[in-house]
Amino acid sequence: MKLFALGLAVLLVSIGLPPCSNSQTTDSAPVSVSSEGRVTEWVYGERIPSVRGLPFSAKVELETVSQLQDGTQITHKTYNLDARDLAGRTHNEMRNWITAEGEEPRLTRIELYDPSTRTRTDLFPLTKLARQWVTGVATHMTPAAATAKPETTREEIGTDTMEGLPVKGVRVTQTYAAGTLGNDRPLTIVTEYWYAAQLRLNLLTKRTDPRHGVQTVRVTELNRQEPDASLFAIGDDYKVVNEAGSTQVAQGPGATDERASTEGATTSASTGSLAGIARPGGAGVSVPACVYCPSPRFTEEARAAKFNGSVVLQVVVNADGRAENISVLRKAGYGLEQSAIETVRTWQFRPAKGPDGNPVATVVPVEVTFRIK
C-alpha cells in the first residue's frame, strides 16, 4: 500500500509550517525539540527561515542510524537540495531514502514559500500537481489535551567552523520521568544544534533518541550566491490547485507524497460538523502523522479487475490521535471506499499540535492507495 505523504527524510522541524515561522535569532539556535515523547520514525529536514538578503543554496544530507536488539545496525540516508533568494523566498525539497549505493533518491515534494505574498506552494513532481494557499489564516481550535512534559535543560557546547562559517553549538537534553510514556525508568533524548548566525540556519542538527537511534541533518556544498530563479517558480506542466484555507495532507510511512486533487469531489460530512476543527499549515498548527497504519483490504471486485488507484478521504484526527468523522472526497469504485474507511478507523496518528505545543484536533485529506503487487 502507498499512503498519503512521505517516504522522505527530514529532522527536527515542523513539517507543514511555513518557513517564516522559524524562531531563530541572529545569535542563537532555536530550541525546537518536539516534546510529545513519541518515537520519531522519520527525520524531517532543514527548516529554512524566510530571511531577506541572505541567499544560499545547499545540499542537505540526512541520515538515521538505529540498532536492533540483536545488534543489527540499520542506516538510512538521503539528501535534499534547498535554497533561499535575496527576497527571502525559499525552496525546500523532500526525497525518498536511498535504497541502493549510487542511487538518485526520488524527489517527492518541493515546498516553496514567498514572504511577500505569504503564499505557500507544495509541488508534487510525481503527479505534476501544485497545491497553493496563503498562510497565516486564523483557525479555531478545539481544547488541547494534556501530554507528557519532559524536564528540559539547555547548555552551550562551544563554537566551531562549518562550510566556512562560524557556528555556535547548543545541546538540549529532555528527560521523561519513569511512567510518563510507559517507560519503567527515566528516558533521555539529546539534541545538538550547530547554528550559523550569518545565515540564520542550523548547519548541523543531531538527535539521539534511545527508542530510534541517531538522526542527523547536515548542510553541505553551501553556496552563498543568489540561486537560479527557476527554483522558486511553478513549472508550466503543473496543475495549480488553490486551497481554501490551510489544508495539508497527513503523513505516514511508505508514502509517495502524492496528493490527489479534490476538485469537484463530494463529501458526506457537513460543514457544520467541522466547525472549530483546526486545519494544519496555518496559525502555528502542525500536521498529524500516522504511526500505526495497517494496509487496506482489496475487495474481490477490485482484485478481479486488477484495479490500481486510490481513495481520498477527509478525516478528523482528534487530539488523542484517532480518526473520526471520516467521509469520502474521491471515489475509486469496486467497494474500496468502505475498505479505506474501515482501515483508516484503525490507524493511530501522532496528533497535530497547536501554537502552544499541545495536541489539537485537525481535519485533513488522506489518500489511501491500492496497488496489486
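Let me start with one pair of strands: E4 and strand E5, residues 119–124, run antiparallel and are joined by five bridges. Before going on, note that this is a predicted model.

Within that pair, Leu112 has Thr121 in E5 as its bridge partner. The two strands form a hairpin with four residues between them, and Arg118 there takes a positive phi near 55 degrees.

Now the other side of E4. Strand E3, residues 90–95, pairs with E4 in the antiparallel sense, over six bridges. Two of the positions can be named. Glu93 stands opposite Ile110 in E4, and His91 has Leu112 in E4 as its bridge partner. Leu112, then, is bridged to His91 and also to Thr121 in E5.

How much of E4 is covered? Strand E4 spans residues 107–114, and six of its eight residues are buried.

Leu107 lies in this strand as well. In sequence Leu107 and Arg95 are twelve residues apart, while their C-alpha atoms are 4.4 Å apart in space. If we leave aside neighbours within four places in sequence, the contacts of Leu107 are Glu93, Met94, Arg95, Pro125 and Leu126.

Next, the sheet as a whole. Twelve strands make up an open sheet with mixed pairing, and the order is E7-E8-E9-E10-E11-E1-E2-E3-E4-E5-E6-E12. At the edges are strand E7, residues 151–162, and strand E12, residues 239–242, each of which pairs on one side only. From one strand to the next, the twist averages 20 degrees. As a reminder, strands of a sheet pair through backbone hydrogen bonds, either parallel or antiparallel.

One residue elsewhere in that order is worth a look. Thr220 is found in strand E11, residues 213–223. Is Thr220 buried or exposed? Its relative accessibility is 11%, so Thr220 counts as buried; the cut-off for buried is under 20%. Which residues does Thr220 touch, leaving aside its neighbours within four places in sequence? Thr220 is in contact with Ala58, Lys59, Glu61 and Glu163. For Glu163, the separation from Thr220 is 57 residues in sequence and 6.9 Å in space, C-alpha to C-alpha.

The last part is about a helix. Helix H2 covers residues 336–344 and is mostly covered, with seven of its nine residues buried. Those buried residues are Leu336, Glu337, Ser339, Ala340, Ile341, Thr343 and Val344. What do the buried residues of H2 pack against? They pack against helix H1 (300–304) and three strands, namely E14 (309–317), E15 (323–330) and E19 (362–370).

Two of those strands also pair with each other. E14 and E15 run antiparallel, joined by five bridges, and Val316 stands opposite Glu324 in E15. They form a hairpin with five residues between them, and in the turn Gly321 has a positive phi of about 85 degrees.

To recap, E4 is bridged to E3 on six positions' worth of bridges and to E5 by five, and H2 has seven of its nine residues buried.

Methods:
Residues are numbered from 1 along each chain as its sequence is written. This is a predicted model: local features need pLDDT of at least 70, side-chain atom pairs count only at pLDDT 80 or more; totals for chains, interfaces and linings use all residues. Side-chain values use heavy atoms; hydrogens and water are left out. Buried means under 20% relative accessible area, exposed over 50%, partly exposed in between (1.4 Å probe, protein chains only). Contact means heavy atoms within 4.5 Å. Two strands pair if DSSP finds at least two bridges between them. Axes are lines fitted to C-alpha atoms, for helices over the stretch in contact, and angles run from 0 to 180 degrees between N-to-C directions.
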